[in-house]
Amino acid sequence: MHEIVYYIATVWMTALLCVCLVMVVRAKSALTRILALDAVTLVLVALLVIYSATTGKGYYIDAAILLALLSFISTVAAARYHSERRIF
Amino acid sequence: MSAYIYDVFVVLGLLVMTLGVFGIIRMPDLYMKLHAASKTVVLGVMVLALTATALHEESVVARTILLCLILVVTTPVSSHAVGRAGFLLHERMSSPGAVDESGSHLGEDTPTWRL
């Protein structure tokens, strides 16, 4: 029962990842593209958390934490550079 | 019995994340897309992270709590950065009754009074 639920969840999150990647390519403005890239990274974090819940290994959540921090830094840097032409 | 509750949480997280991605696609405006991305997707990730605590292992539970704390702290900052960039670049609101309440982008032919 639980294996079926986690399997369906993994397939569904992969479909959401593909939809977000299409949204990154087809975005009209650069800020929408930055926003969609942030969403892509959060979907990847959710995929890693689901995979960690299926296998029971804790170190996949380490990769999820690193991805969340990197997406935060890259989103802030890209948005600030796009609006003010400087990061700091 | 409690395992089925975690299955319900998995379905709930999937539903919330699907709504968030659908909102990013279908919302007409940058600010509304920001609303969908910053609230809905993060809440979906946190509900899914709650299901990883079903294993009752200490390492998984501690890392899940750390992940939730990091998401709670960093997501408002990044969404505020994107919204500020949109405001500085004169990104238009597409809803019909939208009013820029800061008044810093008023043109010369627009009246000085605001609603």
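Here is a walk through a two-chain helical model, from the single chains to the place where they meet. The model is predicted, so local features are given only at pLDDT of at least 70 and side-chain atom pairs only at pLDDT 80 or more, while totals for chains, interfaces and linings use all residues. Residues are numbered from 1 along each chain as its sequence is written, and chains are lettered from A and ligands numbered from 1 in the order in which they are written.

Let us begin with chain A. It holds 3 helices and 0 strands, where helices (H or I, at least four residues) and strands (E, at least two) are DSSP runs numbered from the N terminus. Read from that end, the order is α-α-α. With a radius of gyration of 15 Å, well over the 12 Å that the globule rule gives for 88 residues, chain A is more spread out than a compact globule. That radius is taken over C-alpha atoms, and the rule is 2.2 Å times the number of residues to the power 0.38. The C-alpha trace of chain A spans about 50 × 25 × 10 Å along its principal axes.

How much of chain A is buried? The share is 38% of its 88 residues, counting a residue as buried if 20 or more other C-beta atoms, placed from the backbone, lie within 10 Å of its own. As for contacts (C-beta atoms, placed from the backbone, within 7 Å), 44% of those in chain A between residues at least 6 apart in sequence join residues at least 24 apart.

Within chain A, take a look at α2(A). Its 26 residues should span 38 Å at 1.5 Å a residue, and the end C-alpha atoms are indeed 38 Å apart, which agrees; the expected span is 1.5 Å times one less than the number of residues. Just after this helix comes Gly56(A), with a positive phi near 80 degrees.

Chain B also reads α-α-α along its sequence, with 3 helices and 0 strands. Of its 115 residues, 30% are buried. Among contacts in chain B with a separation of 6 or more, 60% come from residues 24 or more positions apart.

Now to the meeting of the chains, where 43 residues of chain B contact 39 residues of chain A. On the chain B side, α1 (2-26), α2 (30-51) and α3 (58-88) each give two or more residues, and α3(B) has the largest share, with 17 residues. This side divides into 29 nonpolar, 8 polar and 6 charged residues; Ala, Val, Leu, Ile, Met, Phe, Trp, Tyr, Cys and Pro count as nonpolar, Asp, Glu, Lys and Arg as charged, and the others, Gly among them, as polar.

Two helix pairs are worth following across the boundary. Helix α1(A), residues 2-26, packs with α1(B) at about 10 degrees, their axes 11 Å apart. Axes are lines fitted to C-alpha atoms, for helices over the stretch in contact, with angles from 0 to 180 degrees between N-to-C directions. The two helices are therefore roughly parallel, the word used for angles under 35 degrees. Among the residues in this contact are Trp12(A) and Leu16(A) from α1(A), and Leu14(B) and Met17(B) from α1(B). By class there are 15 nonpolar, 2 polar and 1 charged residues.

The second pair is α2(A), residues 30-55, with α2(B): the angle is about 10 degrees and the axes lie 9 Å apart. These helices are thus roughly parallel. Here the contact has 17 nonpolar, 3 polar and 2 charged residues, including Leu35(A) and Asp38(A) in α2(A), and Lys33(B) and Gly44(B) in α2(B).

How values were computed:
Contact = placed C-beta atoms within 7 Å. Buried ≥ 20, exposed ≤ 12 C-beta atoms within 10 Å, placed from the backbone. Parallel < 35°, antiparallel > 145°, perpendicular 65-115°, else oblique.
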